[in-house]
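User: I've got a fold open in the viewer and I'd like to talk through its side-chain contacts and backbone oddities. Mind going question by question?

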Amino acid sequence: MKVFCGRANPTTGSVEWLEEDEHYDYHQEIARSSYADMLHDKDRNMKYYQGIRAAVSRVKDRGQKALVLDIGTGTGLLSMMAVTAGADFCYAIEVFKPMADAAVKIVEKNGFSDKIKVINKHSTEVTVGPDGDMPCRANILITELFDTELIGEGALPSYEHAHRHLVQANCEAVPHRATVYAQLVESRRMWSWNKLFPIRVQTSRGERVIIPPLELERCPGAPSVCDIQLNQVSPADFTILSDVLPMFSVDFSKQVSSSAACHSRQFEPLVSGRAQVVLSWWDIEMDPEGKIKCTMAPSWAHSDPEELQWRDHWMQCVYFLPQEEPVVQGLALCLVAYHDDYCVWYSLQKTSPEKNGRVHPVRPVCDCQAHLLWNRPRFGEINDRNRTDQYIQALRTVLKPDSVCLCVSDGSLLSMLAYHLGVEQVFTIENSAASHRLMKKIFKANHLEDKINIIEKRPELLTPADLEGKKVSLLLGEPFFTTSLLPWHNLYFWYVRTAVDQHLGPGAVVMPQAASLHVVVVEFRDLWRIRSPCGDCEGFDVHIMDDMIKRALDFRESKEAEPHPLWEYPCRSLSEPQQILTFDFRQPVPLQPIHAEGTIELRRCGRSHGAVLWMEYHLTADSTVSTGLLKPAEDEGDCCWNPHCKQAVYFFNTTLDPRAPPGSSQTVTYTVEFHPHTGDITMDFTLSDALDTASGDQDQHLDTRLLF
């Protein structure tokens, strides 16, 4: 059966109605999941297997049958480990039906159907009794319900219910215990992801300073965790203020509570500084003795950095204190961790909140609008002084004293820069209520509420009256739009430029004047794992899961590129970067597609895991802002990516032979097309390898929209 789905097109700004398969959402969930990454996590799998063997042995040593409850079974991997370790029976719970169906097939394929029962329910709906899903309570509880924050996927409520209704008292649990750690740091870079810094502008009338509203300064920020690959943050970007502090532990073998709580740890700062950020991670101990441990610790806190396991499904957390606080070396303070059933947050106190009676574990909520409109990378982008200077210099070359400026970007400060640099009149379009409220606050804080006119409507609905009867002489954009996911989604600026064409005066300047799409072929150090088939995992055949993901990737939206912040995912360029499409914003969007064909020569040895694409915006003829590569690659091909933007990654489903030396005619031929009606960019690649050609193999053709 087919269903109609409404989708807002981020490039054209229109709402489209598309016919989709009734299981469309299921396929999207599978295609964008972390199942492959988890199956490739050798450290996780081995530690779980060791912990399961030990738990089953302890139960058997007591002369009992080993009855296992596996909550969130996924592929059924942990249940199969349990049966192989000697468990008498496993009840494998999986609420997501496509996964439950796959688990049934995987269990059968591996010959465990007589020992494993897959139950397609939420664990809180499972019944125990003669007519229930389980005839009796289990005495071994196995779970993998964790996210980067540990409790963000509802682990605490699930454990709480399981202990009350599904497992025996004093059951064995794998993992047995989890501990959350924290470390206080000062970091201007990370703090810039959460607060708006003052912006200084040199003008003909002297220095002008754009300041944040007091409401934004006092706001505790967004309640969601900032999860990143912390090992990719340079040690030069933060100063450690405390030792690593164990904040709280959860014993999964006993009754667990999901009630709100707080935990404090007294510490003495290692150095004086400004406390701004809490770095946090956790480890899980698979056995009561803590001998089998799986840790998320970053390299500097890891007991054996050489054995550091890369993973993307579990990373590290960055938490922002409500306000930065001065700390003095050796002067004792308390770091306080709060949590409710799904969320963790931190504060810094002079004394323990339990002692002073100020325990208020209420989740922080943004009340300034900025953290709702701007995500963390966007805060960093706005606070990037070099980027701001580049826009200021470009503005100086196009502004005239009598310019009438129309700014089109979501929650942008460009309108304020234009005003301070001497524009006669400035209008800014904010077509969402959230961005309108935020910009109104920022303008008021800077006494510009009467200087810059905010227009709250969609650009295509703009009327001459909105512009007070004036023609626009400068159309200005970064461009940035909150609906954009892929780099070219910000081409919405081009569609806006087309919609307001009638309001542009003769000789009107558009900035940026053009954009271009660029590509480079890369070898990833680790990111390839998230799309690589697993086949065999710890001796169990999971090909069915591989096939399931591949089928899911055949659906329309899943064929698109994936956005990834590549500063977190090291890679080597195998080719030189190449411009493949250009978009002239000085002209309206054309009616016909823009088409390009070409060849990319691979100049370095390596495995061609995929193509990375990004946009570059040409503010003027002499000034370009890149959302991708910031400088030429190093000799070995190491890439330096814009840290404020996500780049588009097309994973190839094959790789060129890494043995081929440079200059051996390894090439990637591409066909690229921009479709003006939909705003989509489609692309095909043909990979050819000199070694394959010599052996009589044919070129390998693949559609890069197939990510597997």
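User: Does Lys293 count as buried, partly exposed or exposed, and at what relative accessibility?

Analyst: Keep in mind that this is a predicted model. Lys293 meets Glu285 in a salt bridge, at 3.9 Å from N to O. Its partner Glu285 is buried, with a relative accessible area of 11%. Buried means under 20% and exposed means over 50%, so Lys293 counts as partly exposed, at a relative accessibility of 34%.

User: OK, zooming out: what share of the chain's residues count as buried?

Analyst: The chain has 17 helices and 37 strands. Its accessible surface comes to about 29,600 Å², and 49% of that belongs to carbon and sulfur atoms. Of the 708 residues, the share that counts as buried is 57%.

User: And among contacts between residues at least 6 apart in sequence, what percentage join residues at least 24 apart?

Analyst: One example of a link between distant parts is the salt bridge of Glu324 and Arg274, 3.4 Å from N to O. Glu324 sits in strand 17 and Arg274 in strand 15, 50 residues apart. For the contacts you're asking about, the figure is 76%.

User: Back to charges, then. How many residues apart in sequence are the parts that Lys441 and Glu215 tie together?

Analyst: The structure holds 32 salt bridges, and one of them joins Lys441 to Glu215, with the closest N and O atoms 3.1 Å apart. Lys441 lies in helix 14 (residues 433–445) and Glu215 in helix 8 (residues 214–218). Lys441 is partly exposed at 23% relative accessibility, and Glu215 is too, at 35%. Because the two sit in those separate helices, the parts they tie together are 226 residues apart.

User: Which residues are linked with Arg311 in a network of salt bridges?

Analyst: Here's the general idea: side chains of opposite charge can pair when their charged atoms come close. In this network, the residues linked with Arg311 are Asp41, Asp43 and Lys47.

User: Now the rings. What geometry do Trp374 and Phe379 have: stacked, tilted or edge-to-face?

Analyst: A search of the whole structure finds 23 aromatic pairs. For this one, the ring centres are 5.3 Å apart and the planes stand at 85°. Trp374 and Phe379 are both buried. Planes over 60 degrees apart set the class, so the pair is edge-to-face.

User: What about Trp494 and Phe585: how many residues apart in sequence are the parts they tie together?

Analyst: This aromatic pair is tilted, with 5.8 Å from centre to centre and 55° between the planes. Trp494 is buried, and so is Phe585. Trp494 lies in helix 15, whereas Phe585 is in the loop between strand 30 and strand 31, so the parts they tie together are 91 residues apart.

User: Which ring does the charged end of Arg378 sit over?

Analyst: There are two arrangements of this kind to look at. In one, the charged end of Arg53 sits over the ring of Tyr49, 3.8 Å from its centre. In the other, the charged end of Arg378 is 3.8 Å from the centre of the ring it sits over, and that ring belongs to Phe480.

User: Helix 4 caught my eye. How many of its residues are buried?

Analyst: Helix 4 spans residues 77–84. Its buried residues are Leu77, Leu78, Ser79, Met80, Met81, Ala82 and Val83. After the helix comes Gly86, with a positive phi near 115°. The helix is largely enclosed by the rest of the structure, because the buried count among its eight residues is seven.

User: Any backbone oddities? Which residue is joined to Pro479 by a cis peptide bond?

Analyst: In general, most peptide bonds are trans. A cis bond joins Val174 and Pro175, with omega about 0°, and Pro175 is in the loop between strand 7 and strand 8. Pro479 is in the loop between strand 23 and helix 15. Its cis bond has an omega of about -10°, and the residue joined to it is Glu478.

User: Last one: what is the phi of Leu150?

Analyst: Leu150 is in the loop between strand 6 and helix 6, and it is buried, with a relative accessible area of 2%. Glu538 has a positive phi near 50° and is partly exposed at 22% relative accessibility. For Leu150, phi is positive in a residue other than glycine, with a value near 80°.

Terms used. Residues numbered from 1 in each chain as written. Predicted model: local features only at pLDDT ≥ 70, side-chain atom pairs only at ≥ 80, totals over all residues. Heavy atoms only, no water. Phe/Tyr/Trp six-rings, centres within 6.5 Å; stacked < 30°, edge-to-face > 60°. Buried < 20%, exposed > 50% of the residue type's maximum accessible area, 1.4 Å probe, protein only. Helix = DSSP H or I, 4+ residues; strand = E, 2+ residues; numbered from the N terminus. Lys NZ or Arg CZ within 6 Å of the ring centre and 35° of its normal. Contact = heavy atoms within 4.5 Å. Areas by Shrake-Rupley, 256 points an atom, 1.4 Å probe, with all protein chains shown as cover. Salt bridge = Lys/Arg side-chain N within 4 Å of Asp/Glu carboxyl O.
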